Amino acid sequence: MISYDSVQELADKATKKGKPISALVLADQALQMERSQQDLIEEMNKSLQVMAEAASKGLNSGSKSASGLSGGDALKMKQAIHAGQSLGGMVLSETLAKALAIAEVNACMGRIVAAPTAGSCGIIPALLLTLKEAYDLTEAQVVMSLFTAAGLGMVIAKKASISGAEGGCQAECGSAAAMAAAAAVELMGGTPQMCAHACAIALKSVLGLVCDPVAGLVEVPCVKRNASGAANALIAAEMALAGIESVIPVDEVIAAMKDIGDAMPKTLKETAEGGLADTPTAKKMAREIFR
(Lines give C-alpha, C1' and ligand atoms only; values in the text may rest on other atoms or scores of the structure.)
Protein backbone atom coordinates (compact mmCIF):
# COMPACT_ATOMS: atom_id res chain seq x y z
CA MET A 1 0.00 0.00 0.00
CA ILE A 2 1.09 3.57 -0.68
CA SER A 3 1.88 5.74 2.33
CA TYR A 4 1.35 9.08 0.53
CA ASP A 5 4.23 10.48 2.59
CA SER A 6 6.35 11.46 -0.39
CA VAL A 7 5.81 12.45 -4.01
CA GLN A 8 9.32 11.28 -4.86
CA GLU A 9 8.64 7.88 -3.33
CA LEU A 10 5.50 7.63 -5.45
CA ALA A 11 7.43 8.58 -8.59
CA ASP A 12 10.23 6.14 -7.78
CA LYS A 13 7.78 3.27 -7.25
CA ALA A 14 6.07 4.04 -10.54
CA THR A 15 9.42 4.20 -12.33
CA LYS A 16 10.55 0.89 -10.83
CA LYS A 17 7.33 -0.83 -11.87
CA GLY A 18 7.38 0.77 -15.31
CA LYS A 19 3.93 2.22 -14.78
CA PRO A 20 2.47 5.72 -14.62
CA ILE A 21 1.72 7.19 -11.20
CA SER A 22 -2.00 6.98 -11.95
CA ALA A 23 -1.89 3.17 -12.22
CA LEU A 24 -0.29 2.87 -8.77
CA VAL A 25 -2.74 5.28 -7.16
CA LEU A 26 -5.74 3.58 -8.76
CA ALA A 27 -4.65 0.11 -7.66
CA ASP A 28 -3.87 1.32 -4.15
CA GLN A 29 -7.15 3.17 -3.73
CA ALA A 30 -9.12 0.17 -4.99
CA LEU A 31 -7.35 -1.97 -2.38
CA GLN A 32 -7.85 0.49 0.46
CA MET A 33 -11.49 1.20 -0.36
CA GLU A 34 -12.28 -2.45 -1.16
CA ARG A 35 -13.73 -1.49 -4.53
CA SER A 36 -12.91 -2.55 -8.06
CA GLN A 37 -10.62 -0.39 -10.17
CA GLN A 38 -13.36 -0.12 -12.79
CA ASP A 39 -15.76 1.20 -10.17
CA LEU A 40 -13.29 3.94 -9.21
CA ILE A 41 -12.63 4.77 -12.87
CA GLU A 42 -16.37 5.19 -13.45
CA GLU A 43 -16.66 7.42 -10.39
CA MET A 44 -13.74 9.56 -11.52
CA ASN A 45 -15.32 9.79 -14.96
CA LYS A 46 -18.47 11.20 -13.35
CA SER A 47 -16.31 13.87 -11.70
CA LEU A 48 -14.78 14.67 -15.08
CA GLN A 49 -18.25 15.13 -16.55
CA VAL A 50 -19.15 17.58 -13.77
CA MET A 51 -15.95 19.49 -14.49
CA ALA A 52 -16.77 19.65 -18.20
CA GLU A 53 -20.35 20.76 -17.53
CA ALA A 54 -19.14 23.54 -15.22
CA ALA A 55 -16.68 24.74 -17.85
CA SER A 56 -19.37 24.80 -20.53
CA LYS A 57 -21.86 26.56 -18.28
CA GLY A 58 -19.39 29.23 -17.23
CA LEU A 59 -18.17 29.87 -20.76
CA ASN A 60 -21.68 30.45 -22.05
CA SER A 61 -23.06 32.56 -19.23
CA GLY A 62 -22.49 36.16 -18.32
CA SER A 63 -24.32 35.73 -15.02
CA LYS A 64 -23.12 37.65 -12.00
CA SER A 65 -22.75 36.13 -8.56
CA ALA A 66 -25.15 37.15 -5.80
CA SER A 67 -22.59 39.60 -4.45
CA GLY A 68 -21.97 41.10 -7.88
CA LEU A 69 -18.22 40.73 -7.40
CA SER A 70 -17.69 38.15 -10.13
CA GLY A 71 -19.20 36.75 -13.28
CA GLY A 72 -18.91 37.29 -17.02
CA ASP A 73 -15.12 37.30 -17.32
CA ALA A 74 -15.00 33.80 -18.80
CA LEU A 75 -17.40 34.88 -21.51
CA LYS A 76 -15.21 37.92 -22.24
CA MET A 77 -12.19 35.64 -22.52
CA LYS A 78 -14.06 33.31 -24.86
CA GLN A 79 -15.11 36.23 -27.07
CA ALA A 80 -11.53 37.54 -27.19
CA ILE A 81 -10.29 34.12 -28.30
CA HIS A 82 -12.90 33.92 -31.05
CA ALA A 83 -11.92 37.43 -32.16
CA GLY A 84 -8.34 36.26 -32.68
CA GLN A 85 -6.96 38.26 -29.77
CA SER A 86 -4.99 35.47 -28.10
CA LEU A 87 -1.49 36.55 -27.13
CA GLY A 88 -0.17 33.28 -25.72
CA GLY A 89 -1.65 30.74 -28.12
CA MET A 90 -4.86 28.75 -28.06
CA VAL A 91 -3.90 26.24 -25.36
CA LEU A 92 -3.07 28.97 -22.87
CA SER A 93 -6.06 31.14 -23.75
CA GLU A 94 -8.53 28.25 -23.66
CA THR A 95 -7.07 27.13 -20.33
CA LEU A 96 -7.53 30.60 -18.86
CA ALA A 97 -11.11 30.79 -20.13
CA LYS A 98 -12.08 27.45 -18.62
CA ALA A 99 -10.42 28.24 -15.30
CA LEU A 100 -12.38 31.49 -15.06
CA ALA A 101 -15.57 29.73 -16.15
CA ILE A 102 -15.45 26.99 -13.54
CA ALA A 103 -14.47 29.37 -10.74
CA GLU A 104 -17.35 31.66 -11.72
CA VAL A 105 -19.79 28.74 -11.63
CA ASN A 106 -18.58 28.06 -8.10
CA ALA A 107 -19.12 31.71 -7.13
CA CYS A 108 -22.66 31.47 -8.52
CA MET A 109 -23.35 28.41 -6.35
CA GLY A 110 -23.20 26.06 -9.33
CA ARG A 111 -22.09 22.42 -9.32
CA ILE A 112 -18.33 21.93 -9.39
CA VAL A 113 -15.72 19.42 -8.24
CA ALA A 114 -13.54 20.61 -5.36
CA ALA A 115 -10.13 19.92 -6.85
CA PRO A 116 -8.71 19.92 -4.29
CA THR A 117 -10.93 22.72 -2.89
CA ALA A 118 -13.89 24.74 -4.13
CA GLY A 119 -11.74 27.86 -4.16
CA SER A 120 -9.27 26.24 -6.56
CA CYS A 121 -11.82 24.20 -8.53
CA GLY A 122 -10.99 25.63 -11.96
CA ILE A 123 -7.29 24.90 -12.19
CA ILE A 124 -7.05 21.14 -12.75
CA PRO A 125 -10.05 20.75 -15.07
CA ALA A 126 -9.18 23.84 -17.11
CA LEU A 127 -5.77 22.52 -18.11
CA LEU A 128 -6.73 18.87 -18.59
CA LEU A 129 -9.91 19.58 -20.56
CA THR A 130 -8.02 22.00 -22.80
CA LEU A 131 -5.28 19.46 -23.48
CA LYS A 132 -7.93 16.86 -24.27
CA GLU A 133 -9.45 19.14 -26.90
CA ALA A 134 -6.18 20.41 -28.32
CA TYR A 135 -4.55 17.00 -28.72
CA ASP A 136 -7.64 14.86 -29.38
CA LEU A 137 -7.13 12.80 -26.23
CA THR A 138 -9.67 10.35 -24.85
CA GLU A 139 -11.78 10.70 -21.72
CA ALA A 140 -10.13 7.54 -20.40
CA GLN A 141 -6.70 9.21 -20.63
CA VAL A 142 -7.90 12.30 -18.80
CA VAL A 143 -9.60 10.20 -16.12
CA MET A 144 -6.35 8.36 -15.42
CA SER A 145 -4.43 11.63 -15.19
CA LEU A 146 -6.88 12.70 -12.50
CA PHE A 147 -5.70 9.77 -10.38
CA THR A 148 -2.17 11.16 -10.63
CA ALA A 149 -3.45 14.56 -9.51
CA ALA A 150 -5.30 12.90 -6.64
CA GLY A 151 -2.27 10.93 -5.51
CA LEU A 152 -0.04 13.98 -5.36
CA GLY A 153 -2.82 15.95 -3.70
CA MET A 154 -3.01 13.35 -0.95
CA VAL A 155 0.71 13.74 -0.29
CA ILE A 156 0.42 17.53 -0.12
CA ALA A 157 -2.62 17.33 2.15
CA LYS A 158 -0.88 14.88 4.46
CA LYS A 159 2.52 16.59 4.61
CA ALA A 160 1.38 20.23 4.42
CA SER A 161 -2.13 21.52 3.66
CA ILE A 162 -4.66 22.20 0.93
CA SER A 163 -6.60 24.67 3.07
CA GLY A 164 -6.40 28.43 2.63
CA ALA A 165 -7.43 28.88 6.24
CA GLU A 166 -4.41 26.83 7.31
CA GLY A 167 -1.75 27.59 4.74
CA GLY A 168 -2.86 30.55 2.63
CA CYS A 169 -3.67 30.48 -1.08
CA GLN A 170 -0.38 28.68 -1.75
CA ALA A 171 -2.08 25.70 -0.13
CA GLU A 172 -5.18 25.98 -2.34
CA CYS A 173 -4.34 27.38 -5.77
CA GLY A 174 -0.71 26.35 -5.31
CA SER A 175 -1.58 22.74 -4.54
CA ALA A 176 -4.10 22.63 -7.38
CA ALA A 177 -1.50 23.96 -9.83
CA ALA A 178 1.03 21.39 -8.64
CA MET A 179 -1.51 18.59 -9.05
CA ALA A 180 -2.58 19.86 -12.47
CA ALA A 181 1.01 20.16 -13.69
CA ALA A 182 1.82 16.58 -12.74
CA ALA A 183 -1.40 15.28 -14.28
CA ALA A 184 -0.74 17.22 -17.50
CA VAL A 185 2.77 15.79 -17.77
CA GLU A 186 1.47 12.23 -17.48
CA LEU A 187 -1.36 13.00 -19.90
CA MET A 188 1.17 14.20 -22.49
CA GLY A 189 3.39 11.15 -22.13
CA GLY A 190 5.88 12.34 -19.53
CA THR A 191 7.62 10.08 -17.02
CA PRO A 192 6.80 9.79 -13.31
CA GLN A 193 9.99 11.72 -12.55
CA MET A 194 8.85 14.52 -14.86
CA CYS A 195 5.55 14.57 -12.98
CA ALA A 196 7.40 15.07 -9.71
CA HIS A 197 9.46 17.93 -11.15
CA ALA A 198 6.36 19.59 -12.60
CA CYS A 199 4.71 19.42 -9.19
CA ALA A 200 7.72 21.06 -7.57
CA ILE A 201 8.08 23.77 -10.22
CA ALA A 202 4.43 24.80 -9.99
CA LEU A 203 4.30 24.81 -6.21
CA LYS A 204 7.52 26.69 -5.58
CA SER A 205 6.39 29.40 -8.01
CA VAL A 206 3.64 30.49 -5.60
CA LEU A 207 5.23 29.95 -2.20
CA GLY A 208 4.00 32.62 0.18
CA LEU A 209 0.78 33.35 -1.72
CA VAL A 210 -1.72 34.58 0.85
CA CYS A 211 -5.44 33.94 1.15
CA ASP A 212 -7.18 37.33 1.24
CA PRO A 213 -10.76 37.04 -0.03
CA VAL A 214 -12.55 40.38 -0.37
CA ALA A 215 -15.58 40.47 1.93
CA GLY A 216 -14.75 36.91 2.94
CA LEU A 217 -16.21 35.57 -0.32
CA VAL A 218 -14.47 33.12 -2.65
CA GLU A 219 -14.58 35.52 -5.60
CA VAL A 220 -12.00 38.32 -5.50
CA PRO A 221 -9.15 37.56 -6.09
CA CYS A 222 -9.98 33.84 -6.12
CA VAL A 223 -11.60 33.58 -9.56
CA LYS A 224 -8.67 35.21 -11.36
CA ARG A 225 -6.19 33.23 -9.25
CA ASN A 226 -7.73 30.10 -10.75
CA ALA A 227 -6.70 31.43 -14.17
CA SER A 228 -3.18 32.29 -13.02
CA GLY A 229 -2.92 28.94 -11.24
CA ALA A 230 -3.87 27.08 -14.42
CA ALA A 231 -1.28 29.09 -16.37
CA ASN A 232 1.29 28.25 -13.70
CA ALA A 233 0.47 24.55 -14.11
CA LEU A 234 0.84 24.76 -17.88
CA ILE A 235 4.21 26.50 -17.55
CA ALA A 236 5.47 23.91 -15.06
CA ALA A 237 4.30 21.03 -17.26
CA GLU A 238 5.98 22.59 -20.32
CA MET A 239 9.29 22.89 -18.50
CA ALA A 240 9.15 19.40 -17.02
CA LEU A 241 8.31 17.82 -20.38
CA ALA A 242 11.32 19.64 -21.86
CA GLY A 243 13.53 17.88 -19.33
CA ILE A 244 13.90 20.83 -16.96
CA GLU A 245 14.21 19.72 -13.35
CA SER A 246 13.48 21.42 -10.07
CA VAL A 247 16.71 22.09 -8.19
CA ILE A 248 14.87 21.73 -4.90
CA PRO A 249 13.32 18.23 -4.53
CA VAL A 250 9.53 18.15 -4.63
CA ASP A 251 9.06 16.92 -1.06
CA GLU A 252 11.29 19.69 0.26
CA VAL A 253 9.16 22.21 -1.64
CA ILE A 254 6.06 20.80 0.04
CA ALA A 255 7.76 21.01 3.43
CA ALA A 256 8.74 24.62 2.72
CA MET A 257 5.12 25.44 1.88
CA LYS A 258 4.03 24.04 5.24
CA ASP A 259 6.66 26.08 7.10
CA ILE A 260 5.61 29.24 5.27
CA GLY A 261 1.94 28.56 5.95
CA ASP A 262 2.64 28.01 9.64
CA ALA A 263 4.53 31.31 9.77
CA MET A 264 1.77 33.33 8.11
CA PRO A 265 -0.25 35.61 10.39
CA LYS A 266 -3.93 34.75 10.64
CA THR A 267 -4.81 37.97 8.82
CA LEU A 268 -3.44 36.38 5.65
CA LYS A 269 -5.21 33.04 5.97
CA GLU A 270 -8.82 33.38 4.76
CA THR A 271 -9.93 35.75 7.51
CA ALA A 272 -10.44 38.68 5.08
CA GLU A 273 -8.48 40.85 7.51
CA GLY A 274 -5.33 41.42 5.46
CA GLY A 275 -3.88 41.60 1.97
CA LEU A 276 -6.27 42.69 -0.79
CA ALA A 277 -9.21 42.29 1.60
CA ASP A 278 -7.82 45.12 3.71
CA THR A 279 -7.57 47.67 0.89
CA PRO A 280 -9.89 50.71 0.87
CA THR A 281 -11.76 49.46 -2.20
CA ALA A 282 -12.25 46.01 -0.72
CA LYS A 283 -13.55 47.44 2.55
CA LYS A 284 -15.98 49.63 0.65
CA MET A 285 -17.22 46.61 -1.33
CA ALA A 286 -17.69 44.62 1.85
CA ARG A 287 -19.76 47.40 3.44
CA GLU A 288 -21.96 47.65 0.37
CA ILE A 289 -22.51 43.90 0.20
CA PHE A 290 -23.39 43.43 3.86
CA ARG A 291 -25.05 46.72 4.76
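This report describes the nonpolar core, a buried charged residue and some unusual backbone geometry in a predicted model.

**The core**

The largest nonpolar core contains 86 residues. Within this core, the residues with the most contacts are Ile21, Ile124, Leu128 and Ile254. Helix α9, which spans residues 169-187, supplies the largest share of the core, namely 14 residues.

Ile21 can be looked at in more detail. Apart from its neighbours within four places in sequence, Ile21 is in contact with Leu10, Ala11, Ala14, Thr148, Leu152, Glu186, Pro192 and Cys195.

**A buried aspartate**

Helix α2 covers residues 21-33, and Asp28 is found in this helix. What is the nearest side chain of opposite charge to Asp28, and how far away is it? It is Lys13, at 7.5 Å. A salt bridge needs a side-chain nitrogen of Lys or Arg within 4 Å of a carboxyl oxygen of Asp or Glu. Asp28 has no salt bridge, yet Asp28 is buried.

When neighbours within four places in sequence are left aside, the contacts of Asp28 are Met1, Ile2 and Tyr4. Tyr4 appears again below, for its backbone angle.

**Backbone geometry**

Two peptide bonds that lead into a proline are described here as cis. The bond from Ala115 to Pro116 has omega near 0°, and the bond from Val220 to Pro221 has omega near 5°. Pro116 is in the loop between α5 (90-107) and α6 (123-134). Pro221 is in the loop between α10 (192-204) and α11 (222-241).

Positive phi values occur at Tyr4 and at Met109, and neither Tyr4 nor Met109 is a glycine. The table lists these angles with the place of each residue and its relative accessibility.

| Residue | Phi | Place | Relative accessibility |
|---|---|---|---|
| Tyr4 | about 55° | segment before α1 (7-17) | 7% |
| Met109 | near 65° | loop between α5 and α6 | 74% |

Are these residues buried or exposed? Tyr4 counts as buried because its relative accessibility is 7%, and a residue is buried when this value is under 20%. Met109 has a relative accessible area of 74%, so Met109 is exposed; the cut-off for exposed is over 50%.

The loop between α5 and α6 thus holds Met109 as well as Pro116. Tyr4, in the segment before α1, is in contact with Asp28.

Methods:
Residues numbered from 1 in each chain as written. Predicted model: local features only at pLDDT ≥ 70, side-chain atom pairs only at ≥ 80, totals over all residues. Heavy atoms only, no water. Core = buried A, V, L, I, M, F, W, Y, C linked by side-chain atoms within 4.5 Å. Buried < 20%, exposed > 50% of the residue type's maximum accessible area, 1.4 Å probe, protein only. Helix = DSSP H or I, 4+ residues; strand = E, 2+ residues; numbered from the N terminus. Contact = heavy atoms within 4.5 Å. Lys, Arg positive; Asp, Glu negative; His and termini not counted.
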